[in-house]
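Q: Hi! Could you walk me through this model while I have it open?
A: Happy to, let's load it up.

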Amino acid sequence: MKKLLSLLFSVLLLISPLSGCKAKAPLQKEELYALDTLITLSVYSHNSEALKLAKAEIKRLEKLLSVTDKDSDVYKINLNCGTFVSVSDECFTLIKTAKEVSKAASGYFDITVYPALKLWGFTTSEYQVPDENELLAVKEKIGYYNIELNESNKTVKIPQGSSIDLGAIAKGYIADKTAEMLINNGVTSALLNFGGNIKLIGSKPEGEDFKIGIKAPFTDSYFATLNVRDLTVSTSGDYERYFEKEGVRYHHILNPFTASPAESDIKSATVIGKKGELCDALSTAAFVLKSENITELTESYPDYSFVLLTDERVYVSENIADDLTLADDFRSFEITII
Ligand code: ADP
Ligand code: MG
């Protein structure tokens with residue numbers, strides 16, 4: 001009997017490393033600069049090949065969707081404005097999604113603001129405040145409804161003189177595709193940070209939710225933390241990119257109707273949900289729309305959750321309120337459920 005037990009014990013010892021108790025996957029962290037932003041991939045995996053493939057996927061999509069890369073679909077569309085241009089399915093679908101968000105946001109989200117971004121110098125960092133005539137002329141070029149999409153042959157046409165840029169939507173999409181690549185290579189836990197767009201794969205390796213801090217504007221601290229898993233958390237705000245002239249701050253999120261930096265009571269807009277491209281686009285749209293018009297978006301996208309910070313209030317979607325904790329300095333802020 002004793003012999004039998006000891007035999008059983010050694011057999012159990014032999015099979016245990018192969019079965020259930022697999023060693024915890026180590027954290028692999030990688031930083032790269034792409035899409036005009038710092039990207040940090042924090043991946044729990046034994047497979048270093050997965051991370052390499054993920055980086056290659058980022059580069060592939062940057063090449064396809066960048067506004068400056070001469071080989072990209074977006075560049076081709078802009079270069080050949082006035083004629084139909086054949087593009088990839090991915091680019092076509094993103095532009096289609098962007099148009100849908102524009103409609104839901106009453107035109108305050110608009111990927112044709114690119115000529116205005118150029119005029120203000122946000123594309124080169126050679127900033128200037130345009131005069132009235134320049135603004136009048138550039139406004140003529142803005143209008144998402146003028147983008148023509150031909151579903152049957154995946155071609156896109158924009159009017160002569162106008163141009164598009166997917167800066168407010170592409171990062172969210174690329175984060176999703178990067179996650180897909182990692183998941184297909186066995187990754188079950190990761191946090192991918194694409195400059196304000198955070199995509200989560202699963203939960204933390206121990207099984208807890210990820211705790212995501214939402215930045216308090218113009219500080220290094222957070223105004224709130226969110227417990228979340230599997231989803232995207234995308235934040236837009238006027239503190240990300242801006243310049244100052246004669247005491248006035250001008251930021252990079254534009255109101256398409258004025259072709260100028262959007263004046264908003266919202267200091268930071270966060271959207272949480274399944275599809276990265278929608279979270280990305282909706283967070284930009286929410287910022288421009290202001291809190292008074294936010295129901296236009298929340299009603300059109302009921303599966304997406306919103307967290308909006310103003311000077312004295314935090315607006316939170318009901319379906320995420322229990323997962324949000326305000327930081328000590330923001331406890332006095334009133335919470336409004338939307
Ligand atoms: P970031 O890219 O800084 O993380 P956003 O996702 O909010 O922030 O996107 C801002 C970018 O979107 C700008 O740099 C510009 O390229 C573009 N953009 C600015 N205003 C608008 C707008 N009203 N609608 C769509 N895109 C915009
Ligand atoms: Mg965005």
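Q: What share of the 338 residues in the protein chain is buried?
A: Buried residues make up 49% of them; buried is under 20% relative accessible area, exposed is over 50%, and partly exposed is in between, with a 1.4 Å probe and protein chains only. This is a predicted model, where local features need pLDDT of at least 70 and side-chain atom pairs count only at pLDDT 80 or more, while totals for chains, interfaces and linings use all residues. Residues are numbered from 1 along each chain as its sequence is written, chains are lettered from A and ligands numbered from 1 in the order in which they are written, and side-chain values use heavy atoms, leaving out hydrogens and water.

Q: Thanks! How many helices and strands does the chain have?
A: The secondary structure comes to 9 helices and 19 strands. Those are DSSP runs numbered from the N terminus: H or I of at least four residues for helices, E of at least two for strands.

Q: And what does the C-alpha trace span along its principal axes?
A: About 95 × 50 × 35 Å.

Q: How much of the contact count comes from residues 24 or more positions apart?
A: Such pairs account for 59% of the contacts with a separation of 6 or more, where contact means heavy atoms within 4.5 Å.

Q: Let's do helix packing. At what angle do α4 and α8 cross?
A: Roughly 35°, and the axes of α4 (residues 89–104) and α8 (residues 276–289) come within 10 Å. Axes here are lines fitted to C-alpha atoms, for helices over the stretch in contact, and angles run from 0 to 180 degrees between N-to-C directions.

Q: Left-handed or right-handed?
A: The α4 and α8 crossing is right-handed; that is the case when the near helix is turned clockwise from the far one by less than a right angle, and anticlockwise would be left-handed.

Q: Which residues make that contact?
A: From α4 there are Leu94, Thr97 and Val101, and from α8 there are Glu277, Leu278, Ala281, Leu282 and Ala285. By class, that gives 6 nonpolar, 1 polar and 1 charged residues. Nonpolar covers Ala, Val, Leu, Ile, Met, Phe, Trp, Tyr, Cys and Pro, charged covers Asp, Glu, Lys and Arg, and the others, Gly among them, are polar.

Q: Switching to rings: how many aromatic pairs are there?
A: The structure holds 12. Rings of Phe, Tyr and Trp (its six-membered ring) pair if their centres lie within 6.5 Å; planes under 30 degrees apart are stacked, over 60 edge-to-face, and the rest tilted. One of the pairs is tyrosine 108 with phenylalanine 257, edge-to-face at 4.9 Å centre to centre and 65° between the planes.

Q: Which parts does that pair tie together?
A: Tyrosine 108 is in the loop between α4 and α5 (114–120) and phenylalanine 257 is in the loop between β13 (254–255) and β14 (260–261), so the pair joins parts 149 residues apart in sequence. Tyrosine 108 is partly exposed at 27% relative accessible area, and phenylalanine 257 is also partly exposed, at 47%.

Q: What about phenylalanine 218 and tyrosine 239?
A: They form an edge-to-face pair too, 6.1 Å centre to centre with 75° between the planes. Phenylalanine 218 is partly exposed at 43%, whereas tyrosine 239 is buried at 7%.

Q: Which residues form an aromatic cluster?
A: Trp120, Phe122, Tyr127, Phe243 and Tyr250 form one.

Q: Where does the charged end of lysine 154 sit?
A: Over the ring of phenylalanine 92, 5.3 Å from its centre. Arginine 249 lies over the face of tyrosine 242, at 5.5 Å from the ring centre. The cut-off is NZ of Lys or CZ of Arg within 6 Å of the ring centre and within 35 degrees of the ring normal.

Q: Backbone next. What is phi for alanine 259?
A: About 60°, a positive value although alanine 259 is not a glycine. Most residues other than glycine have a negative phi. Alanine 259 is in the loop between β13 and β14 and is buried at 0% relative accessibility. Lysine 290 also has a positive phi, near 75°, and lies in the loop between α8 and α9 (295–300).

Q: Last one: what does asparagine 197 touch?
A: Leaving out residues up to four places away in sequence, asparagine 197 touches Lys171, Gly172, Leu192, Val233, Ser234 and Asp280. Asparagine 197 is in strand β7 (residues 197–201) and is buried at 3%.
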